[in-house]
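Open the model in your viewer and keep the selection tool ready. We will go stop by stop.

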Amino acid sequence: MPNIILFDLDQTLLDRNTSLIKFVEWQVNFFQLVSQENKQAFITRFIELDNNGSVCKDLVYSQLLEDFNIKNFSVESLLESYINDFNKFCRPFEKVPETIQNLYNKGYKLGLVSNGKSPFQENNFYALGLKEFFSTIIVSEAVGMRKPHRQIFEYACKELGCTPNECIFVGDNHKADIEGANNAGMKTIFFHPDPSICSTVADKRIHHYDQLEPAINTLEDFIL
């Protein structure tokens, strides 16, 4: 029976949205970037500019400094803080640690395939306390490949000594995770904490980690 499960990181294992808000709150307070009166506006603008992690943070900070007329801090200093300190605020989604440990204890081989900077993404993953359960940790910048390109999924399989049709991929991004893994020959599970948001191309859809193992069990019946 195939027993290989690959996971995305941001908004799949890592509750990035919540973690980012906590980090920005801390950064505003620690550096006293704006007054308490403008604190919530700064956080809201950061989240808007970040656009779910799709915008480079030097651009985000550059715009924030302009928008809030901040003169006593540079983009470089705030970016350095983001790179070094964000991992301290990383939190997993509810039931992620218990679910991952349970899958590991049942003999599943687990892997991480994440787009992003290295070692930034690795450090964010390590902060979740799950490293010991994962057989491979792949970050796009470190290997020179990105999702949704099939090469990175094939690279993960090579690392794990399996073929794509033996894998199930769990992710939150329709194109990078679900379409990418499907095109590589993997079964897919779309995760989003909001039940109203789903993927029409994923093999299964879940919105809480209590639903992950039943979804895996269902898909395994269709994997040769």
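Select F42, R45, F46, L49 and D50 in α2, then K57, V60, Y61, Q63, L64 and D67 in α3: these two sets meet, where contact means heavy atoms within 4.5 Å. By class, the α2–α3 contact holds 6 nonpolar, 1 polar and 4 charged residues. Nonpolar covers Ala, Val, Leu, Ile, Met, Phe, Trp, Tyr, Cys and Pro; charged covers Asp, Glu, Lys and Arg; the others, Gly among them, are polar.

This is a predicted model: local features need pLDDT of at least 70, side-chain atom pairs need 80 or more, and totals for chains, interfaces and linings use all residues. Numbering starts from 1 along each chain as its sequence is written, and side-chain values use heavy atoms, without hydrogens and water.

Now view both helices (DSSP runs of H or I, at least four residues, numbered from the N terminus). α2 and α3 pack at about 145°, with axes 10 Å apart. Axes are lines fitted to C-alpha atoms over the stretch in contact, and angles run from 0 to 180 degrees between N-to-C directions.

Next, select α3 alone, residues 57-67. Which of its residues are buried (under 20% relative accessible area, 1.4 Å probe, protein chains only)? They are K57, V60, Y61, L64 and L65. They span an arc of only 130° around the axis, so they sit on the same side of α3. The arc is taken from the directions from the helix axis to the C-beta atoms. Add α1 (16-31), α2 (36-50) and α4 (75-85): these are among what covers the buried residues.

Turn to the opposite face of α3. L59 and E66 are exposed there, meaning over 50%.

Last stop: N69, just after α3, has a positive phi of about 50°.
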